Amino acid sequence: MRDAATTTSGAWRADDNEAVTFREAAVAWALAAHEVLAETAGGYGHFVTVNELAERVQEMSGVHTDAPTRTWMDAILRKVARRCHSAGEPPLPALCVKQNHKVSDSYKYVLELAALPVPADLELHAAYARWQCYVAFGADVPADFGIPPLTPKVAATRRATTFVPVPEAKPEPVRAPVCSQCFIQLPANGVCEYC
């Protein structure tokens with residue numbers, strides 16, 4: 001059980017239950033998050049949810065918190081985005097998605113750092129960013145790669161909501177009768193004028 005000093009700071013070291021400031025915790029979590037996301041990028045098509053990342057960075061850093069993930073993970077992903085941008089790395093935060101497999105709002109910060117407008121299709125943009133991560137961090141990217149894959153839930157949602165119009169059947173053209181001997185079209189009376 002943690003002591004009262006630990007509970008007031010919101011974060012603590014797991015090995016000695018010593019309280020740490022959120023600033024110290026954020027630095028430790030951001031370093032761990034970069035490592036986890038770089039590891040994730042090593043597998044083509046891999047990604048991690050915000051909650052999974054939060055658990056892994058706490059375990060890896062040894063710094064824990066009882067604060068809800070939504071209150072601190074965005075700041076951690078922004079730190080990772082800044083580090084990637086400064087180092088010329090692809091944006092690792094693209095690999096971190098919400099439970100519905102859509103990128104979190106922190107992905108818009110990646111665009112802001114790169115001075116890019118928010119695209120109409122943010123999920124497709126993030127798919128291309130994930131592809132850059134896979135290439136940069138050594139994933140086995142398929143040679144015949146066309147369009148980067150969306151996350152499974154996003155892809156399933158799009159398949160379910162995409163309307164594909166069914167072409168109307170064209171009527172068969174009416175063929176005029178032809179003479180069985182010379183194969184010339186018969187006049188209205190049905191008698192061949194040439195045979």
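Where is the place of His101? His101 sits in the loop between β5 (96–97) and α5. The legends below describe close-up views of a predicted model.

**Figure 1. Overview of the elements in the predicted model.** The protein has seven helices and five strands. Read from the N terminus, the elements follow the order α-β-β-α-β-α-β-α-β-α-α-α. Of its 195 residues, 35% count as buried. Among the contacts with a separation of 6 or more, 56% are between residues 24 or more positions apart.

**Figure 2. The loop that holds His101, between β5 and α5.** The phi angle of His101 is near 70°, which is a positive value in a residue other than glycine. Most residues other than glycine have a negative phi. His101 has a relative accessible area of 11% and is therefore buried, the cut-off being under 20%. On the other side of the helix, α5 is followed by Ala115, and the phi of Ala115 is also positive, near 55°.

**Figure 3. Asn17 in the loop between β1 (11–13) and β2 (19–20).** Asn17 is a residue other than glycine with a positive phi, here near 60°. Its relative accessibility is 27%, so Asn17 counts as partly exposed. Asn17 and His64 are 47 residues apart along the chain, and their C-alpha atoms are separated by 9.2 Å.

**Figure 4. His64 in strand β4 (residues 63–65) and its contacts.** His64 counts as buried because its relative accessibility is 15%, and buried means under 20%. With neighbours within four places in sequence left aside, His64 is in contact with Gly10, Ala11, Trp12, Ala14, Trp29, Gln58 and Glu59.

**Figure 5. Val20 in strand β2 and its distance to Thr65.** Val20 has a relative accessible area of 5% and is buried. In sequence, Val20 and Thr65 are 45 residues apart. In space, the two are 9.8 Å apart, C-alpha to C-alpha.

**Figure 6. Packing of helix α5 (106–113) against helix α6 (122–136).** The two helices pack at an angle of about 70°, and their axes are 11 Å apart. Angles of 65 to 115 degrees count as roughly perpendicular, and α5 and α6 therefore fall in that class. On the α5 side the contact involves Tyr107, Lys108 and Leu111. On the α6 side, Leu122, His125, Ala126 and Ala129 take part. Sorted by class, this contact has five nonpolar, one polar and one charged residues.

**Figure 7. The buried residues of α5.** These are Ser106, Tyr107, Tyr109, Val110 and Leu111. They pack against α4 and α6. Two of the names recur in other views: Tyr107 and Leu111 meet residues of α6. An α-helix has 3.6 residues a turn, so residues three or four places apart point the same way.

**Figure 8. The largest pocket and its lining.** The space in this pocket comes to about 220 Å³. There are 16 lining residues, and the closest to the centre are Glu89, Pro91, Val110, Ala114 and Gln132. Helices α4 (73–87), α5 (106–113) and α6 (122–136) are the elements that give two or more residues to the lining. By class, the lining has 11 nonpolar, four polar and one charged residues. Val110, one of the residues closest to the pocket centre, is also among the buried residues of α5.

**Figure 9. Leu124 in helix α6 and its contacts.** Leu124 is partly exposed, with a relative accessible area of 29%. Which residues does Leu124 touch, not counting those up to four places away in sequence? They are Ile147 and Leu150. Pro149 is 25 residues from Leu124 along the chain, and the C-alpha atoms of the two are separated by 8.3 Å.

Key:
Residues numbered from 1 in each chain as written. Predicted model: local features only at pLDDT ≥ 70, side-chain atom pairs only at ≥ 80, totals over all residues. Heavy atoms only, no water. 1 Å grid on protein atoms, 1.4 Å probe; cavity = no way out; pocket = protein on both sides within 12 Å on 5 of 7 lines; lining within 4 Å. Points joined across faces, edges and corners; volume = space filled by probe spheres on them. Helix = DSSP H or I, 4+ residues; strand = E, 2+ residues; numbered from the N terminus. Nonpolar A, V, L, I, M, F, W, Y, C, P; charged D, E, K, R; others polar. Axes fitted to C-alpha atoms, helices over the stretch in contact; angles between N-to-C directions. Parallel < 35°, antiparallel > 145°, perpendicular 65-115°, else oblique. Contact = heavy atoms within 4.5 Å. Buried < 20%, exposed > 50% of the residue type's maximum accessible area, 1.4 Å probe, protein only.
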